[in-house]
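Open your viewer, switch to a cartoon view and keep the selection tool handy. We will go from stop to stop together, picking residues as we go.

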Amino acid sequence: MKSKTKVFLCALFGVFLMACGGGGGGDGSITPPPPPPPPPPPPPASAEIAPAPRVDATLQIPGFTAEDYARLSDNRGRDFVRPLPMDTDIVFRLPQPLSHLLFQWMSSGNYNYDVTQYGAPSSYRIQVSSNSTNGTDGVWTTVADVSNNSWAARAHDIRGENLQWIRFRVTSGGSTIDEFDIHDLSRCQSGVACDTWGFIGDSITADTFWRPSPAGQPFNERVSACSSARFPSMINFGIGGNNSGHVLARLQQTINNNPGVHFWAIGIGTNDGEVGPFEQNLRGIINMLITNGKQPVLARVPYSTSLPDSRIQSLNAVIDRLRGEYDLPAGPDLYTHFRNNPSHLHDGIHPSTAGVAAIQELWAQAACTLSREDNNGNDTSCSEKELLEHFGKNRLMVGAMAGDAFFQQNLNLMDVRYLYLADRIFSSDTPCTSCAPECRESWWGCWEQPAGRYLTRFLETAESGGQIPMITYYTFAQTSGNEAQVSPANELSFSRRYFNDWRFMLQQIGQRKALLHIEPDLWGYAQHRNRESPLNLPAVVRAANPTDCGSFEDNFAGFSRCLISMVRKYAPNAKVGLHASAWATGEFDLNINTNPNQDIRSHAVEVGNYLRRLGAAEADFLVLEALDRDADYYRIHRGENRWWNPNQTLPNFAQHFQWARELRSVVGKPLVWWQVPLGHENSPNVPVTNPSQQSPQQGYRDNRVDYFLTHMDEVVSLGGVLVAFGAGAGDQTTPLTDGGNLARRASSYKQSSAGFGFCAAP
């Protein structure tokens with residue numbers, strides 16, 4: 001939609017003090033690393049989680065009893081068994097062949113992750129076979145040959161074809177392993193977060209996730225209780241006495257040793273002193289995990305009766321800020337829990353048995369919020385289905401921007417009716433609620449009187465016609481005078497007037513159900529201005545709107561997030577979405593790309609993660625644009641090829657749909673196609689002179705109406721919930737000048753079986 005005119009369209013310490021080497025409040029003696037590079041894009045926090053269920057394998061260990069076998073795979077690791085025989089194969093037979101699995105062992109006699117003196121092997125080998133019949137014959141492939149191991153547990157990511165057998169042999173060192181776990185990772189495909197968890201931190205982490213801790217249900221059993229399809233793997237990387245510097249120093253090796261762990265639950269801070277080094281180290285930890293394709297999840301530092309509360313609150317302020325900056329999923333608020341339950345601390349710092357159980361439960365609750373399924377196996381995170389059901393729909397919706405005549409001629413054909421609010425906001429610093437002279441000039445609110453009547457009449461008309469109203473709010477560029485300009489957000493007067501206008505618009509909607517589309521193009525231009533992060537673009541937020549925005553930061557991300565939050569307050573039944581621009585990175589425009597070597601996924605990930613920082617994951621949908629004008633308009637008047645080929649040469653629909661699919665994966669929200677051009681193969685390539693009059697002899701050629709409305713199942717598979725058609729300029733094809741093509745195509749779609757199937761099992 002870039003470059004167009006729109007006005008007309010309107011812990012730390014060990015369980016025992018000797019384990020941690022002293023009291024809390026360490027000085028961060030690890031030398032801080034140099035300042036980290038700019039943060040890379042985070043993985044999609046709200047991406048689908050692929051269950052990684054435990055595999056009930058059959059063990060074969062010479063001389064061991066059935067009871068021994070049961071204790072070695074009971075998920076508890078708190079029943080110590082006899083030492084494993086040295087240089088003897090321990091064989092696991094899987095109940096069915098797998099292609100991807102996690103094989104995990106642990107020696108729980110060692111409390112800290114870096115202690116092996118109580119029986120962890122120093123050398124071992126893992127082999128797999130797909131054709132053995134008894135665990136000894138057949139072809140075996142070595143997938144891990146470990147020497148000089150210095151850790152109390154390891155999780156190996158193993159891939160192959162039709163894996164049926166696993167063979168484990170300790171070749172040197174202690175061998176008091178008391179737990180083996182195997183998890184099926186076959187559903188962990190690209191764009192799907194694997195349900196594998198590692199807990200890294202201080203002695204509070206080590207204590208909580210030490211398998212012998214007598215705290216009842218462990219984390220993964222608690223997660224399974226909220227989603228029966230899930231039973232995540234869990235491994236304890238906690239070390240008593242660690243601060244953020246220690247964790248950062250050992251993190252890359254821990255990642256390398258445990259490549260199958262996707263979610264990294266971070267619990268540090270109690271042993272940290274100064275806020276500055278803590279923030280620097282924590283940034284390094286987050287960046288390192290993201291660079292390795294992992295998902296950080298941050299817990300707040302627990303409240304303590306033995307440590308300065310002001311220090312803990314300062315550290316938690318850093319955690320809160322970085323969690324927002326990187327758009328990370330929320331971990332547990334351990335500070336609030338232990339402040340409200342100080343009896344859950346056995347020494348003022350470390351959790352008691354009840355405290356350990358509480359931390360396990362709080363982490364499980366955090367993990368459960370990322371789940372697709374409830375404890376009955378029902379999908380709880382299908383945002384497409386939820387959005388459609390909110391509006392009383394059960395299939396992909398069709399919408400249009402058109403006058404009353406079109407909707408009267410095509411009753412019950414369109415699900416959605418949309419319009420632009422595209423004009424300047426009022427010039428007064430105080431909110432306008434009437435059409436007084438100081439408010440009336442060029443304000444959309446006075447297109448009809450009394451103030452706001454144009455909008456409320458549209459809402460009433462759409463509802464009476466059976467359509468869901470959709471509003472594209474496009475005032476930033478009109479008011480600033482330059483659609484590529486984002487700096488006015490950093491002007492107090494502009495921001496104050498803008499927030500006041502947005503509030504007025506929301507108040508006209510009130511309790512109605514509607515779709516709200518915030519500022520097409522603006523977010524793309526923000527990314528142009530500062531590609532790294534919208535947090536680097538200053539904006540006046542809190543002072544401009546202390547009533548609604550007092551908790552948001554003074555940057556462009558705070559600006560956009562406040563707009564979304566105001567919807568929840570003033571128009572609670574409306575659904576809101578930001579706009580994803582295909583040209584936002586500045587490198588190339590995805591929608592007209594002809595280079596087959598361009599990395600579409602990387603482009604989508606960069607755009608999607610920028611939008612996430614702007615708050616797109618807190619919104620309800622994401623708006624995409626196919627083109628703003630008919631393709632032949634560009635060919636005839638600008639000499640540009642904006643046609644999409646039906647999936648042969650570039651640009652084509654397949655390229656755009658791939659980008660859309662990747663965006664859905666990154667942002668985790670349903671997709672709305674908006675302002676799709678209305679031209680068709682028989683359009684006469686004649687400018688439309690009066691969009692409100694019916695004339696089949698006007699408009700330009702295009703093929704998007706025909707393609708979208710005959711490929712609606714494909715649109716559904718991408719995460720689409722709405723395709724809305726409309727002209728993006730005054731001389732383009734409209735629903736009244738297309739010879740009835742939109743109506744015919746939409747009618748055929750409505751009579752077909754297409755457009756259903758949301759939230760099908762992956």
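Is Ser 244 buried or exposed? Select Ser 244 and show the molecular surface around the residue. Ser 244 is buried, because its relative accessible area is 0%. Bear in mind throughout that you are looking at a predicted model.

**Stop 1: around Ser 244**

Ser 244 belongs to helix H5. Now add Asp 272 as sticks: the side chains of Ser 244 and Asp 272 make a polar contact of 2.6 Å. To see the rest of the surroundings, add Ile 268, Pro 277, Phe 278, Asn 281 and Ile 285, which are also in contact with Ser 244. That list leaves aside the neighbours of Ser 244 within four places in sequence.

**Stop 2: the sheet beside H5**

Next, colour the strands E10, E9, E11, E12 and E13. In that order they form an open sheet of 5 strands with parallel pairing. At the edges you will find E10 (233-236) and E13 (330-333), each of which pairs on one side only. Turn the sheet and look along it: from one strand to the next, the twist averages 20 degrees.

Select residues 244-257 to bring back helix H5, which packs on this sheet and touches strand E9 (196-201) and E11. The direction of H5 makes about 155 degrees with that of E9. Helix H6 (residues 275-291) lies across E11 and E12, and its run is at about 150 degrees to E12.

Now zoom in on the pairings. E11 (residues 263-267) and E12 (residues 295-300) pair in the parallel sense over 4 bridges. Within these strands, select Ala 265 and you will find Val 297 of E12 opposite. E9 and E10 also run parallel, joined by 4 bridges, and Phe 199 has Asn 236 of E10 as its bridge partner.

Which way do the side chains of E10 point? Show them as sticks: Ser 233 and Ile 235 point one way, while Met 234 and Asn 236 point the other. All four are buried. This fits a general pattern: in a regular strand, side chains alternate between the two faces of the sheet.

**Stop 3: helix H10 and its cover**

Move along the chain and select residues 383-390, which make up helix H10. The buried residues here are Ser 383, Glu 384, Leu 387, Leu 388 and His 390. Look down the axis of H10: these buried residues fall within an arc of 160 degrees, so they line one face of the helix. An α-helix has 3.6 residues a turn, so residues three or four places apart point the same way.

What covers the buried residues of H10? Show strand E14 (397-400), strand E18 (575-579), strand E19 (621-625), helix H21 (653-667) and strand E21 (720-725), which are included in the cover. Just after H10, click on Gly 392, where phi is positive, near 75 degrees.

**Stop 4: Gln 127 and Asp 68**

Go back towards the start of the chain and pick Gln 127, in strand E4 (residues 121-129). Gln 127 counts as buried because its relative accessible area is 16%, and the cut-off for buried is under 20%. The side chain of Gln 127 makes a polar contact of 3.2 Å with that of Thr 142. Contacts of Gln 127 beyond four places in sequence include Trp 140, Trp 165 and Arg 167.

Then select Asp 68 in helix H2 (residues 66-72), a residue that is buried with a relative accessible area of 7%. Asp 68 and Asp 178 are 110 residues apart in sequence, but C-alpha to C-alpha they are 9.3 Å apart in space.

**Stop 5: backbone details**

Which peptide bonds should you inspect here? The bond from Gln 449 to Pro 450 is cis, with omega near 0 degrees, and Pro 450 sits in the loop between helix H12 (437-440) and helix H13 (453-464). The bond from Leu 650 to Pro 651 is also cis, with omega near -5 degrees.

Finally, select Glu 519, which has a positive phi of about 50 degrees although it is not a glycine. Glu 519 lies in the loop between strand E17 (515-518) and helix H16 (522-529) and is buried, with a relative accessible area of 1%.

Zoom out to finish: the protein has 24 helices and 21 strands, and buried residues make up 60% of its 762 residues.

How values were computed:
Residues numbered from 1 in each chain as written. Predicted model: local features only at pLDDT ≥ 70, side-chain atom pairs only at ≥ 80, totals over all residues. Heavy atoms only, no water. Pairing = 2+ DSSP bridges. Helix = DSSP H or I, 4+ residues; strand = E, 2+ residues; numbered from the N terminus. Axes fitted to C-alpha atoms, helices over the stretch in contact; angles between N-to-C directions. Contact = heavy atoms within 4.5 Å. Buried < 20%, exposed > 50% of the residue type's maximum accessible area, 1.4 Å probe, protein only. Polar contact = N/O pair within 3.5 Å; in protein donor to acceptor, adjacent residues only side chain to side chain. Arc of directions from axis to C-beta.
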